[in-house]
Every structure is written in structure tokens, then in C-alpha cells.
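Student: Could you walk me through how to read a few features of a structure, beginning with paired charges and then turning to strands and surfaces?

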Amino acid sequence: MLDLRKDFPILRGTDVVYLDSAATAQRPACVMEAERAFNDERNANPLRGLYAWSMEATEAYERARQTVADFVHARQPEEIVFTRNTTEGLNLIAYTWACTNLRPGDEVLVTVMEHHSNLLPWQMACERTGATLRFLECDQRGVFPEEAMRAAVTERTKLVCMGHVSNVFGRVNPVEKMAELAHSVGALMVCDAAQSAPHIALDVQKLGVDFLVFSGHKLCGPMGIGALWARMELLEDMPPFLRGGEMIEYVTRDSATWAEVPHKFEAGTVNASGAVGLEAAIRYLQTAGLETIESHVNALTERALKGMQALPHVHVIGSENAVEHSGILTFTVDGVHPHDIAAIFDSDRICIRAGHHCAQPLMKHLGVGSTARASIYLYNNEQDVDRFLESLATLRSRMGYGE
Amino acid sequence: MENRSFYNEVLTEHNMRPDFKHDLPDANLVLEGVNPSCGDDIYLKLKVEGDTIVDGAFVGDGCAISQASADIMLGMIVGLPKDEALHLADCFIRMIKGTASEEEIEELDEAGALRDISHMPARVKCAVLGWHTLEEIFKNPEKARPKAD
């Protein structure tokens, strides 16, 4: 078992049990330290390096880009565009590639289990271009049958969008297979890696996707920094997303030419200290080892899942197998609304999520109104899981049910 | 019996054994109320004759606070003229926001059991859902006419 709790200032000397890492992860001291060092020692506007601090700021920012490129196995650092988060990355693709390339009659395929941020941008792009939005359905356990995947891709499909790991099921989706199917009809493949980046070593070459996006804050980095990866030739062809400072080459009264990729997509002053913090988070995960983190998370998930399965009124959504959850345990309790579940956990100083998890079409598809979710990450330990299970076992009696 | 109940007994009882959670086929005003933050979703159904609420019920689902609050509300407003019901709604919503006087809270009778919700900001929308839907029904009754199937 990993013992990393001490690295996280917010978890030191508190009895709070944090089980909402799928919403946002806690940050280790080294991430805050990296941001502090940037702010205290070299804060200046990067990319305008005419003096030492600015050159150092530029260097730190571009080194972070290299680290992110290596993290996802990009061919070159220029294929990484820094964004605010996954949502911004997906919107960038929708407003630039999708709005320029989609035509009436084209189809965009999304899955029914997507987070709203991997759905609403495509609704918008389809509305603007006259393309049609199609859905790939999953079964009740969150599995996409292969026949359904094959049938969903047609010669009209131009774009396929799939989350790598669902924020409800935690199961790893068949992104490689889907990318292959997309490419077989000449479509491009978008992968939302928001939930997978904290857990799985990402390799865009192996996944075979064309776009991949993730957020820093879910992998122990700061909020407000994320990344988009796309193949260079796509980025070269795409128009800019936001226009303004830092993204131009030459501007006249009524026209402009764009800066080189990736700066073309990074309008305005960038979040350099955030990028530096993200780099520190990636290095922290790499030092612990993503495989070591995953076996730690899986062992705790196993302990939690077994305990939950032993409680008669508790129902876990998705696989019965702990290793197919990426630490995400979405559940319901008979007769207790998820909002009340969360309130009772909160009174026991345990943080969990309740609601529709920004996946309302999926909730409808599964026939559940809303659900509760506990999510486990590298700083959790067996005591956390046991405290969670203890509270869970008493929930119904505390709502007035005699057991 | 040991009291291990998380919410107070009034709330727990109304949640578990609601008196007014059922269909009301002869309702002439029906409106959906939704609290997107926790997915509470109810239909408030009223039978109004002249200016009097002669019967009422709700269906749907939601957290204990939303369900108990709607149930308590119906117990108080059935039989009341519309204006008195709206006055209670106004008192209730202000109680939850923490701006009602002690006299007004007393007027709210059983609904006063929910006064502590004013200290739970995340649950305000749950508590006022039924009452807010009541206000909406009378604000725009045309929108609340049940459609013929």
C-alpha cells in the first residue's frame, strides 16, 4: 500500500475522508511549491522574453509543455495546446475543427455515457453546421457491445467522441477499437481523457486517436490548467479558437495572420504558473508510478466494493469487478435520496458526490434519477474505506428505517 | 428508542410516510417543479374551486427535505383560500432564507420544523421546491392547466 497522505497538506492532521477525487483531486505540496517558485522567482509574461525573468518564465512554460507531450506520447511538444480544462479543450475542437469541417448530412457520433462537456459542444457544432448527432448506447453495466459500435459508424460519420473512462462507471472504454472503426470510414476520433489521465498511462499513438483532452486538477495539478493534444497536421489546418494577444503573426487594420501552432490556440496571457504546477503534478504521479497508483486504487476499490456488496440495500452501478472501476463507485441506497446520502456522509466528515454527475442522458438511459459516488485515489487508505463503509451501513436507520 | 435519526422526526416521518404523495386525477392545476442541483423533480397537483384549494397532492421523487416539505405544505394549504396559501409560501421561503420573524415562523406551524435548513445552504432549493412551485402555479395558472390526453 502506498502511504502518500503526508504529501498532501490538506489531508495532514484532519480526520476528513476525501472520496471525491473524480470531481477534483487534492494537490501535493510539491505542486504548490512549484507554483510558488514560479511566482516568487520568475513571474513575468512569457513569450515576450526581452529580459531574464520573462525568458525564464517562457522556458518554464515551454518545459511544462514538453512534460505534457511526453506524458501522452506526443510526437512533438507543439502538439500540446494548454487550455483551462477538459471542457475548454472539447469546445476548442468543436468551434474550430467541427464548425469548419462538418456539413449537412454528416454525422457526429457520441456515446450516451459522456459527461455533458463531451456532449454539449457537439450539440452546438451540429446545430451550426446542419450535421446530425448520433448516439452509441451502452448496456446497463456500461459496456459497449461490439456490434453496436460497428453499427453506429456509417459512411456519413465524420467525428466520433468517446470518454476514455466514464465518470459514472469508471470502466475503461474501447477507445482504440472505436478509433479504428472511425478511421475505417475516414472519420476523426476525439478522446476525453479527463477521468483516465489520473489513472492510466496515456499513449496517443497506441490509442490511435486524433484529439485527446484532459484537465490538470483531476491528476493533482492546479485548477484552471488543462491540455489538448492533436496531430500536428490537424492543428495546422484548424482556424484559431479565441483571437487576440499572443496568437498573431502580423496584424493590419482589417486582417491578421496567425502565430505558429500551438500559440495560434493560446490567445491572451497564458496560465504559466498553472502549467508549471501541472508539470509538477505529472512528475509526482510518475515518481509514484501510475501502475503502482492503480494497484493501490484497485485494492482499496476491492475493499470498498466487497463491503458495499454485503449491504442489502446498496446497489453499485457498473462492473462487479473492482479493477473495472478506476476507483469510481457510483451507487444508490434503497429509500434514501443521494442528496440525503451526501448530507449524512458530510456529517460524518466524509466527502462524496451526489447528483446526476453531469451525465443526465446516461442517468435517463439507466433509469436512475440521481446517484451517489465515492471515488478513490492515491492518498486514500484502508481507514478511509472502512469509515465510508461504516457510515454507509447506518444510512438507512438514520433516515428512520427500522432494519 | 435511541434517536439516531439524521433529520428531525417531523421531516423523517413526512418523507417516509407522506400523506399527500399520490395522483390527483381531478386536479385542475398541475405544474412540474425541478431542482437540478440534486435532481428533485415533483409535480404539484391542485384542485381549485373559485379561490379555494379544495384538494392537493404531489408525485415525483427527490431528497427527504424536498419530499417532506411538499407533504407538509399540502397538509397546510388544502382547504385554504389561494391568498392565504401564498402568504404561507412567502413566510416559508423567507424562513428558509433566514428573514422571517418569530411570529411568521409560528404561523407556519409544522413547516417550522424545517427552519434549520436555513443553516444548510446546499439544501435551500430542496426545501422551497414545493412552495416555489405553488407560487408559480398561481403566478401563471394558464401554464398549469392539465393538457387533455
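Student: Is A:Asp386 buried, partly exposed or exposed, and what is its relative accessible area?

Tutor: In this predicted model, A:Asp386 has a relative accessible area of 27%, and it is classed as partly exposed because that value falls between the 20% limit for buried and the 50% limit for exposed.

Student: With which residue does A:Asp386 form a salt bridge?

Tutor: Side chains of opposite charge can pair when their charged atoms come close. Here A:Asp386 forms a salt bridge with A:Arg303, and the closest N and O atoms are 2.9 Å apart. The pair links distant parts of the chain, since A:Asp386 belongs to helix α13 (residues 382-398) of chain A and A:Arg303 to helix α10 (residues 290-309) of chain A, 83 residues apart. A:Arg303 is partly exposed as well, at 32% relative accessibility.

Student: Which residues are joined into one network by salt bridges that share partners?

Tutor: A:Glu107, A:Arg134, A:Glu155 and A:Arg156 are joined in this way. Over all chains, the structure holds 38 salt bridges.

Student: Which parts of chain A does the salt bridge between A:Arg171 and A:Glu324 tie together?

Tutor: The side chains of A:Arg171 and A:Glu324 meet at 3.4 Å, N to O. A:Arg171 lies in the loop between β5 (157-163) and α6 (175-184) of chain A, while A:Glu324 lies in the loop between β11 (314-316) and β12 (328-333) of chain A, so the salt bridge ties together parts that are 153 residues apart in sequence. As for exposure, A:Arg171 counts as buried at 11% relative accessibility, whereas A:Glu324, with a relative accessible area of 31%, is partly exposed.

Student: Where do A:Glu180 and A:Lys177 lie, and how many residues apart are they?

Tutor: Both lie in helix α6 of chain A, three residues apart, which is about one turn of the helix. Their salt bridge has its closest N and O atoms 3.7 Å apart. A:Glu180 is exposed, with a relative accessible area of 53%, and A:Lys177 is partly exposed at 23%.

Student: Let us turn to strands. Why is strand β7 (residues 211-215) of chain A described as largely enclosed by the rest of the structure?

Tutor: Strand β7(A) is described in this way because five of its five residues are buried. Both of its faces are covered, with A:Phe211, A:Val213 and A:Ser215 buried on one side and A:Leu212 and A:Phe214 buried on the other.

Student: In which sense, parallel or antiparallel, does β7(A) pair with β6 (residues 188-192) of chain A, and in which sense does it run with β8 (residues 226-230) of chain A?

Tutor: Strands of a sheet pair through backbone hydrogen bonds, either parallel or antiparallel. Strand β6(A) and β7(A) pair in the parallel sense over three bridges, and A:Cys191 has A:Leu212 in β7(A) as its bridge partner. Strands β7(A) and β8(A), by contrast, run antiparallel and are joined by five bridges, with A:Gly226 in β8(A) as the bridge partner of A:Ser215.

Student: What is the order of the strands in the open sheet of chain B?

Tutor: The order of this three-stranded sheet is β1-β2-β3, with antiparallel pairing. Its edge strands are β1 (29-35) and β3 (52-61) of chain B, each of which pairs on one side only. Neighbouring strands of the sheet are turned by 20° against each other on average, direction ignored. Strand β2 (residues 40-49) of chain B pairs with β3(B) over nine bridges, and B:Leu44 stands opposite B:Phe58 in β3(B).

Student: Which helix lies across β1, β2 and β3 of chain B?

Tutor: That is helix α5 (residues 124-139) of chain B, which runs at about 40° to β2(B).

Student: Finally, which residues make the nonpolar surface patch of about 420 Å²?

Tutor: The patch is made by A:Leu50, A:Tyr51 and A:Trp53. A:Trp53 lies in helix α2 (residues 52-72) of chain A, and with a relative accessible area of 54% A:Trp53 is exposed.

Note on methods:
Residues are numbered from 1 along each chain as its sequence is written. Chains are lettered from A and ligands numbered from 1 in the order in which they are written. This is a predicted model: local features need pLDDT of at least 70, side-chain atom pairs count only at pLDDT 80 or more; totals for chains, interfaces and linings use all residues. Side-chain values use heavy atoms; hydrogens and water are left out. Two strands pair if DSSP finds at least two bridges between them. Helices (H or I, at least four residues) and strands (E, at least two) are DSSP runs, numbered from the N terminus. Axes are lines fitted to C-alpha atoms, for helices over the stretch in contact, and angles run from 0 to 180 degrees between N-to-C directions. Contact means heavy atoms within 4.5 Å. Patches are made of residues with over 30% relative accessible area and no salt bridge: like charges are joined within 9 Å, nonpolar side chains (Val, Leu, Ile, Met, Phe, Trp, Tyr) within 5 Å. Accessible areas come from the Shrake-Rupley method with a 1.4 Å probe; for residues, only the protein chains shown count as cover. A salt bridge is a side-chain nitrogen of Lys or Arg within 4 Å of a carboxyl oxygen of Asp or Glu. Buried means under 20% relative accessible area, exposed over 50%, partly exposed in between (1.4 Å probe, protein chains only).
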